[in-house]
Amino acid sequence: MGWLADCKLPRERKDMDPKLPRNKSRDWDALIEQIFGTILLVPLFVYLIFPSFSLVGISLAKASPSMPEMLTHVALMIIGCDFLFYWFHRAFHHPWLYRFHKKHHEYQATNIWASEYFDVVDMVFNILPGVIPGLLIRTHFVTLMLFTLIRGWQTAMSHAGYDLWFDPFNRGIFHGCARRHDFHHSHNVGCYGDWMPLWDYLAGTDVHYRAYWEKRDKAARNVHAG
């Protein structure tokens, strides 16, 4: 499809070629891990932390939240998740902690299988930013599950390798989400944020990303002008 090809993010180096045997083999490993994680690890994690939900008032027994309350809580969880993910992710790029994150960066170009390809420790600290804000605001369990569903979509799309124009979490205040995370994998520098570019901008960890895309956009303009 022409429009999908237009959305594909650049694959400039040979090691980014998805057809390389080692990359195809890694995709199979990631698929098995995703099945294993979805069926066993994530349910086990939820089971282990579920008692803490009732301690802060998160319960299925509560009356269903109103739509305004649900939307407000989802927005607050996105903001909280974005803040926590940025700092957890940045910390895992410190030499002392990178050994737990290195596995995820075996993918030097994002694709859908990279989205859940983690070391176990890394996976736990990837889940926590999506849970802690909900615990702090004592959201309803249904709202927490809705946010988890939305975050699953956002995580998959930010790793898909495509800058999709129709993805609402890749436009507006979330603009460039897929581009930023793809750059993070291909260059392994900066762009530690999850949902929004805010924290990378404030902390100055997006300078290499912006310089890269400014150079590409300038080159594209020169080609069209010529």
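Me: In this predicted model, is Asp-206 buried or exposed?
Reply: Asp-206 is found in the loop between helix H8 (198-203) and helix H9 (207-225), and, leaving aside its neighbours within four places in sequence, Asp-206 is in contact with Asp-200 and Tyr-201. Its relative accessible area is 6%, and since the cut-off for a buried residue is under 20%, Asp-206 counts as buried.

Me: How far apart are the end C-alpha atoms of helix H5 (residues 120-137), and what span should its 18 residues have?
Reply: At 1.5 Å a residue, the 18 residues of H5 should span 26 Å, and this agrees with the distance between its end C-alpha atoms, which is 27 Å.

Me: Where in H5 does a kink lie?
Reply: At the start of the helix, a side-chain oxygen of Asp-119 reaches to within 2.8 Å of the backbone nitrogen of Val-121, while Arg-138, whose phi is positive, near 55°, follows H5. Between these, a kink of about 35° is found shortly before the proline Pro-129, at Leu-128.

Me: Which helices each supply at least two residues of the largest nonpolar core?
Reply: That core has 19 residues, and among those with the most contacts inside it are Phe-147, Phe-169, Phe-174 and Trp-195. Leaving aside neighbours within four places in sequence, Trp-195 is in contact with residues including Ile-78, Phe-147, Phe-169 and Phe-174. The helices that each supply at least two residues of this core are helix H2 (21-55), helix H3 (67-91), H5 and helix H6 (141-158).

Key. Residues are numbered from 1 along each chain as its sequence is written. This is a predicted model: local features need pLDDT of at least 70, side-chain atom pairs count only at pLDDT 80 or more; totals for chains, interfaces and linings use all residues. Side-chain values use heavy atoms; hydrogens and water are left out. Helices (H or I, at least four residues) and strands (E, at least two) are DSSP runs, numbered from the N terminus. The expected span of a helix is 1.5 Å times one less than its number of residues. The bend at a residue is the angle between axes fitted to the seven residues ending there and the seven starting there. A polar contact is a pair of N or O atoms within 3.5 Å; within protein, one must be able to donate a hydrogen and the other to accept it, and residues adjacent in sequence count only if both atoms are side-chain atoms. A nonpolar core is a set of buried Ala, Val, Leu, Ile, Met, Phe, Trp, Tyr and Cys residues joined through side-chain atoms within 4.5 Å. Buried means under 20% relative accessible area, exposed over 50%, partly exposed in between (1.4 Å probe, protein chains only). Contact means heavy atoms within 4.5 Å.
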